[in-house]
Amino acid sequence: MGLTRSLDDDPLTLALQPPEDETPAERSLREHYEAEARRISDEIDEQIRREREAEKKKRRPVKLLLLGQSESGKTATLKNFQLTYAKKEWMEERASWRVVIFLNLVRNVNHILDQLAEEIARSNSQHGHSTGSEESSEEGHGASSSSRRRSKTPLRFKEKHRILSLRLGPLRGVQADLEQRLGAETTELYSTDVTTAAPFGSFQRKALQEFSINSTNGWKSALDKFRPNRWAQEGGTPTRRQRDADDNAAIEVVASCREDMKSLWEDTTIREMLSSRKSRPLEDSPGFFLADVERIACHSYQPSDDDIIRARLRTLGVQEYNFVFEHGHTVGQEWRLFDVGGTRSSRAAWYPYFEDVDAIIFLAPISCFNEKLAEDRKVNRLEDSYLLWRSVQSCKLLAKTQMILFLNKCDLLQQKLQRGVRIRDSVPSFGDRRNDLPTATRYFQQHFREIQRQYSPVQRPFYVHLTSVIDTRSTAATLGAVEESILRNHLRRADLM
């Protein structure tokens with residue numbers, strides 16, 4: 001009774017009670033207004049709930065993995081995303097790429113010098129040290145490497161080649177210094193004990209612990225070492241003045257060797273030596289800059305967008321990169337991209353990143369139909385891409401993940417075909433088809449499509465693009481289509497469509 005009396009005496013309760021003399025018409029009108037007020041209040045509450053839920057889902061980043069073997073173009077694709085959609089950070093990193101491009105250039109030269117030393121030693125041993133200052137009557141007449149291979153005519157090196165080797169000798173010190181400063185990302189893997197294309201297929205926790213590398217490592221971390229103010233902000237590290245002195249010393253050596261590097265690359269005998277080797281042409285390799293030596297090897301050099309896309313640093317483990325799109329269909333949306341190490345021994349680290357991924361861009365370099373893996377010279381690179389694509393397609397964890405295939409390096413494929421390289425010599429199933437780009441791309445595309453049809457646990461669309469990811473303009477157009485497709489799938493998964 002006491003409780004009832006206290007409620008009856010409550011001023012708010014008394015104020016909300018209807019008047020004692022309320023007529024039936026007034027009561028009906030009051031109840032109508034109260035019901036309407038409750039309805040509006042409930043609608044507002046529901047709208048707030050929906051908006052909070054939508055905002056929560058909207059904030060979930062789009063998760064995109066870039067997969068493929070080593071040197072397939074994954075990092076170049078990531079850089080294209082940054083160039084196209086995160087221009088501000090791209091501009092902040094631009095100057096840092098200069099030292100990487102210098103390293104790539106110096107490596108090009110030292111690679112040639114290594115081959116030159118081998119050829120001169122071989123020539124000397126075969127001809128009783130009769131080279132030296134001998135002049136070749138074929139100099140400047142462009143004798144083809146194929147005619148040399150048929151006739152077994154030895155290359156004739158001159159005194160100028162020995163002098164060039166000596167004058168370019170300081171570049172070996174520059175390479176060692178830059179590699180030491182950039183870290184493990186500068187090393188390339190040339191052997192492995194992994195014999196399967198996809199070690200994540202038989203995933204084990206022990207393998208994960210052995211092969212996973214913290215996602216803050218990799219080429220992004222290497223690049224951070226050369227960002228403006230980076231060293232000055234960290235205690236116990238070299239000062240900005242010391243860093244600039246190291247940079248200037250390397251640039252000084254590179255710039256002083258510019259004319260000699262140019263002479264080396266343009267020398268007829270050197271070009272014949274390179275052409276006569278069975279290995280991949282140097283100009284087809286990632287990070288090739290010798291053709292631009294006159295522009296790059298100078299104190300005032302600043303990297304262009306194309307230079308940065310072409311620059312080569314190996315990715316270690318899995319490299320995570322987050323950014324918010326500054327424009328495009330997904331302006332304001334956060335994207336989380338993962339660039340992975342593509343060598344066979346690196347692939348076990350991929351598996352943990354398969355969970356909850358929105359899309360995978362799989363890069364298959366189809367120009368490599370006649371090349372072997374750098375880490376396993378018994379394995380054809382195209383066959384490795386087929387096996388890797390099959391493993392990714394058949395992975396049950398990725399059954400609901402959107403797959404987008406980039407048949408990459410179409411520009412290099414066309415150059416090979418124009419040089420007369422025949423696909424059927426390396427891919428017997430290609431048969432007597434026309435040895436041209438349209439026929440080749442259709443053939444490779446159909447093979448990847450058939451693998452997806454056979455091995456995917458669910459039926460899914462076949463998305464494929466013919467790409468050359470070092471071509472920034474065409475790649476930007478491709479990424480525009482890919483962005484819209486991935487976003488649509490991302491929103492569908494978030495139940496917003």
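Here's a short chat about strand 3 and the second largest pocket in this predicted model.

Residues are numbered from 1 along each chain as its sequence is written. Local features need pLDDT of at least 70, side-chain atom pairs count only at pLDDT 80 or more, totals for chains, interfaces and linings use all residues, and side-chain values use heavy atoms, with hydrogens and water left out.

User: Is strand 3 largely enclosed or not, and how many of its residues are buried?
Analyst: Strands are DSSP E runs of at least two residues and helices H or I runs of at least four, numbered from the N terminus. Buried means under 20% relative accessible area with a 1.4 Å probe, protein chains only. Strand 3 spans residues 334-340 and is largely enclosed by the rest of the structure, because the buried ones number five of the seven.

User: In which direction does strand 2 run against strand 3?
Analyst: Strands pair if DSSP finds at least two bridges between them. Strand 1 (residues 62-67) is parallel to strand 3, with five bridges, and there leucine 66 sits opposite aspartate 339. For strand 2 (residues 318-324), tyrosine 321 partners leucine 337 of strand 3. Seven bridges join strands 2 and 3, and they run antiparallel.

User: Which helix gives the largest share of the lining of the second largest pocket?
Analyst: Helix 17 (305-310), helix 19 (410-418), strand 3 and helix 4 (74-85) each supply at least two lining residues. The largest share is four residues, from helix 4.

Definitions and conventions:
Buried means under 20% relative accessible area, exposed over 50%, partly exposed in between (1.4 Å probe, protein chains only).
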